[in-house]
Amino acid sequence: MALKTYRLTDELTRREFDSYCIIPSYIGAEEASVKAEYFGEVYDSPVMISTLSGLDNVSLSKAAVMTNTLDWNGVMPVETGLAILETGVPTILSSKPLADLDRILEMIRLYAEHGAKGFVMDADFIFDNTTGYYRNHEKFGQMGRKTADDLKAMVNASSLPIIIKGILGVPDALACREAGVKGIVVSHHMGVMETAVPPLRMIPLIRQAVGDDMYIFADCGIRSGCDVFKALALGADGALVGRPLVEAFAKGPEAAAEILNRYTNELRYYMSITGSCDIQHINREAVMKL
Ligand SMILES: Cc1cc2nc3c(=O)[nH]c(=O)nc-3n(C[C@H](O)[C@H](O)[C@H](O)COP(=O)(O)O)c2cc1C
């Protein structure tokens, strides 16, 4: 059954991106480097595949190989996750917030043993957005409450960086940091809430609250390199792209890689014209809210 989502939430998210304008700074500006570091490794771009499921993820991961980016994945059978890891592509694998914490911990340990680069859990999948009860998904199983202690158990299960997706509020972001979570994905999961706050609105507030020792990934509504630039200028470390890649991937991983490359090239342009020589030196003064 398809996840119920709200178009209005996407519209508000779009409006937030469009409410920022670019102020260029040409004098002394040079060609920007878009290389990005995550969890100790350097990649060619901060524009990445979001956590997508229900696709041929082994094939989709080729788009990450073609663009030399970190490969994120949605929920999938463990064997598929292992098959992706076997190809050698630097990969983040995921689980839903299952009620059975032990299953999540087992997965973390297994993926860590097989060389994953991180493990992400979409906390915003806990509750069914049509009933308000814990989600009992026909394919993924029973979801359940996740406490700060559960997050700590996930962090302590292995050396794998833990990332929590679906964070929108500052208290959740702080709870994640407190538990030792290494990264958060600021996301409303393509609009599971009617009128969810746009992730872009929350990124600066979350960055200010958590400081610099946690990765923040922007998700939802990223449709150009200009959008990526705005997310980075407001405090994100990287950006995840969902539906445009699903659409392109219908034609194969090359078409998905083309979208990632296009957004990356556009990002380089916006970085170059704003005197942002690299990701660490994004000119935060270069975006202004109208
Ligand atoms: C086909 C499809 C499958 C998805 N599967 C997952 C998933 O398994 N786990 C998850 O956290 N998010 C999943 N998502 C949500 C995306 O990761 C992302 O949050 C969402 O698409 C918002 O980004 P967008 O506006 O660029 O599409 C899925 C989205 C799509 C379109």
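Where does Cys220 lie? Let's work through that and a few other exercises on this predicted model.

**Exercise 1. Place Cys220 in the chain, then describe its backbone and surroundings.**

Step 1: Cys220 sits in the loop that runs between strand S12 (215-218) and H8.
Step 2: Its phi is near 90°, a positive value in a residue other than glycine.
Step 3: Within 10 Å of Cys220 there are 28 other C-beta atoms. A residue counts as buried with 20 or more, so Cys220 is buried.

**Exercise 2. Do the same for Phe39 and decide on its class: buried, partly exposed or exposed.**

Step 1: Look in the loop between strand S2 (36-38) and strand S3 (41-43), where Phe39 has its place.
Step 2: Phe39 is a residue other than glycine with a positive phi, near 50°.
Step 3: Phe39 has 15 other C-beta atoms within 10 Å. The cut-offs are 20 or more for buried and 12 or fewer for exposed, so Phe39 is partly exposed.

**Exercise 3. Work out how enclosed helix H8 is, and look at what follows this helix.**

Step 1: Helix H8 spans residues 225-233.
Step 2: Its buried residues are Gly225, Asp227, Val228, Phe229, Lys230, Ala231, Leu232 and Ala233.
Step 3: That is eight of the nine residues, so H8 is largely enclosed by the rest of the structure.
Step 4: After H8 comes Gly235, with a positive phi near 125°.

**Exercise 4. Describe how helices H2 and H10 pack.**

Step 1: The axes of helix H2 (residues 57-67) and helix H10 (residues 253-273) are 8 Å apart, at an angle of about 40°.
Step 2: This angle makes H2 oblique to H10, and their crossing is right-handed.
Step 3: From H2, the contact uses Ser59, Leu60, Lys62, Ala63, Met66 and Thr67, while H10 supplies Pro253, Ala256, Ala257, Leu260 and Asn261.
Step 4: Sorted by class, the contact of H2 with H10 has seven nonpolar, three polar and one charged residues.

**Exercise 5. Now try the pair H5 and H6.**

Step 1: Helix H5 (residues 148-156) and helix H6 (residues 170-179) have axes that come within 8 Å and cross at roughly 45°.
Step 2: H5 is therefore oblique to H6, in a right-handed crossing.
Step 3: Ala148, Leu151, Lys152 and Val155 of H5 meet Ala175, Cys176, Glu178 and Ala179 of H6.
Step 4: The residues of this contact are six nonpolar, no polar and two charged.

**Exercise 6. Describe the shell around the ligand.**

Step 1: The ligand is surrounded by 21 residues.
Step 2: The closest are Ser53, Gly74, Asp122, Gly242 and Arg243.
Step 3: By class, the shell holds seven nonpolar, ten polar and four charged residues.

Methods:
Residues are numbered from 1 along each chain as its sequence is written. This is a predicted model: local features need pLDDT of at least 70, side-chain atom pairs count only at pLDDT 80 or more; totals for chains, interfaces and linings use all residues. Axes are lines fitted to C-alpha atoms, for helices over the stretch in contact, and angles run from 0 to 180 degrees between N-to-C directions. Helices (H or I, at least four residues) and strands (E, at least two) are DSSP runs, numbered from the N terminus. Angles under 35 degrees count as roughly parallel, over 145 as roughly antiparallel, 65 to 115 as roughly perpendicular and the rest as oblique. A crossing is left-handed if the near helix is turned anticlockwise from the far one by less than a right angle, and right-handed if clockwise. Two residues are in contact if their C-beta atoms, placed from the backbone, lie within 7 Å. Ala, Val, Leu, Ile, Met, Phe, Trp, Tyr, Cys and Pro count as nonpolar, Asp, Glu, Lys and Arg as charged, and the others, Gly among them, as polar. A residue is near a molecule or strand if its C-beta atom, placed from the backbone, lies within 6 Å of it.
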